[in-house]
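Visitor: I would like a close look at one part of this protein, the pocket and the helices around it. Could you take me through it in one go, with enough context to judge how far to trust it?

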Amino acid sequence: LFAPVIALFPQVGSGTGLLLAFAAGIGFAAVVPVTTALAQRLMPSRTSLASGLMLGGAWSVGMLGPVLAQISIARLGIDQTFYIVAVALAVSGLLALPIRGQTIVDSVD
């Protein structure tokens, strides 16, 4: 849902951009505890491994994201970089759509 918001960043002013960044950050940060809890439910005997994998994945993206963004901004410009991030976000959301809540519950039982 936030892909269009990310794509709008280059067109808005700094005040609006700050509000958009704050809202996007809340939305993105909300998925970390959800994925960690789901991983722990899927691997109840290995909760520390499940937590480590989920948090490690988030930290890896958090570490690589700024470096890749810097390279993209240098080569393509900031507008194109925001569009690329928006497309990547939309694709990840579309990939997650087929996962239904009942499928998750059935896989744990």
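Guide: Let's start with confidence, as this is a predicted model. Helix α3 has the highest confidence in the protein, with a mean pLDDT of 87. At the other end comes helix α5, residues 101-108, where confidence is lowest at a mean of 63. Over the protein, the mean pLDDT is 82, and 90% of the residues reach 70 or more.

Now the setting. The fold has five helices and zero strands, and from the N terminus on its elements run α-α-α-α-α. Of the contacts between residues at least 6 apart in sequence, 47% join residues at least 24 apart. Buried residues make up 13% of the 109 residues. The protein exposes about 7,800 Å², and carbon and sulfur atoms supply 74% of that area.

With that in mind, here is the part you asked about. Rolling a probe the size of a water molecule over the atoms shows where empty space is left. The largest pocket has a volume of about 660 Å³. It is lined by 25 residues, and those closest to its centre are Val61, Gly65, Pro66, Ala69 and Val85. Three elements each give two or more residues to this lining: α2 (14-42), α3 (47-76) and α4 (78-96). Helix α3 gives the most, with 12 residues. So which helix should you look at with most care? Helix α3 is a good choice, since this main contributor to the lining is also where confidence is highest.

What about the chemistry of the walls? By class, the lining has 19 nonpolar and six polar residues, and there are no charged residues in it. If you are thinking about the character of the pocket, that count is a handy thing to keep beside the volume of about 660 Å³.

Two of the helices named for the lining, α2 and α3, can also be followed through a pair of residues. Ser51 lies in helix α3, and Thr36 is found in helix α2. Leaving aside neighbours within four places in sequence, Ser51 is in contact with Thr36 and Gln40. Seen from the other side, with the same kind of neighbours left out, Thr36 is in contact with Ser51, Met54 and Leu55. Are these two residues buried or exposed? Ser51 counts as buried because its relative accessible area is 13%, which is under the 20% cut-off. Thr36 is buried as well, because its relative accessible area of 12% is also under 20%.

Finally, a look at the N-terminal end of the chain. Val5 lies in helix α1, residues 3-8. With a relative accessible area of 18%, Val5 is buried. The C-alpha atoms of Val5 and Ala23 are separated by 9.5 Å, and the two residues are 18 apart along the chain. Further on, Val12 lies in the loop between α1 and α2. Val12 is partly exposed, because its relative accessible area of 27% falls between the limits of 20% and 50%. Not counting residues up to four places away in sequence, Val12 touches Gly17 and Leu20.

Conventions:
Residues numbered from 1 in each chain as written. Predicted model: local features only at pLDDT ≥ 70, side-chain atom pairs only at ≥ 80, totals over all residues. Heavy atoms only, no water. 1 Å grid on protein atoms, 1.4 Å probe; cavity = no way out; pocket = protein on both sides within 12 Å on 5 of 7 lines; lining within 4 Å. Points joined across faces, edges and corners; volume = space filled by probe spheres on them. Helix = DSSP H or I, 4+ residues; strand = E, 2+ residues; numbered from the N terminus. Nonpolar A, V, L, I, M, F, W, Y, C, P; charged D, E, K, R; others polar. Buried < 20%, exposed > 50% of the residue type's maximum accessible area, 1.4 Å probe, protein only. Contact = heavy atoms within 4.5 Å. pLDDT = per-residue confidence, 0-100. Areas by Shrake-Rupley, 256 points an atom, 1.4 Å probe, with all protein chains shown as cover.
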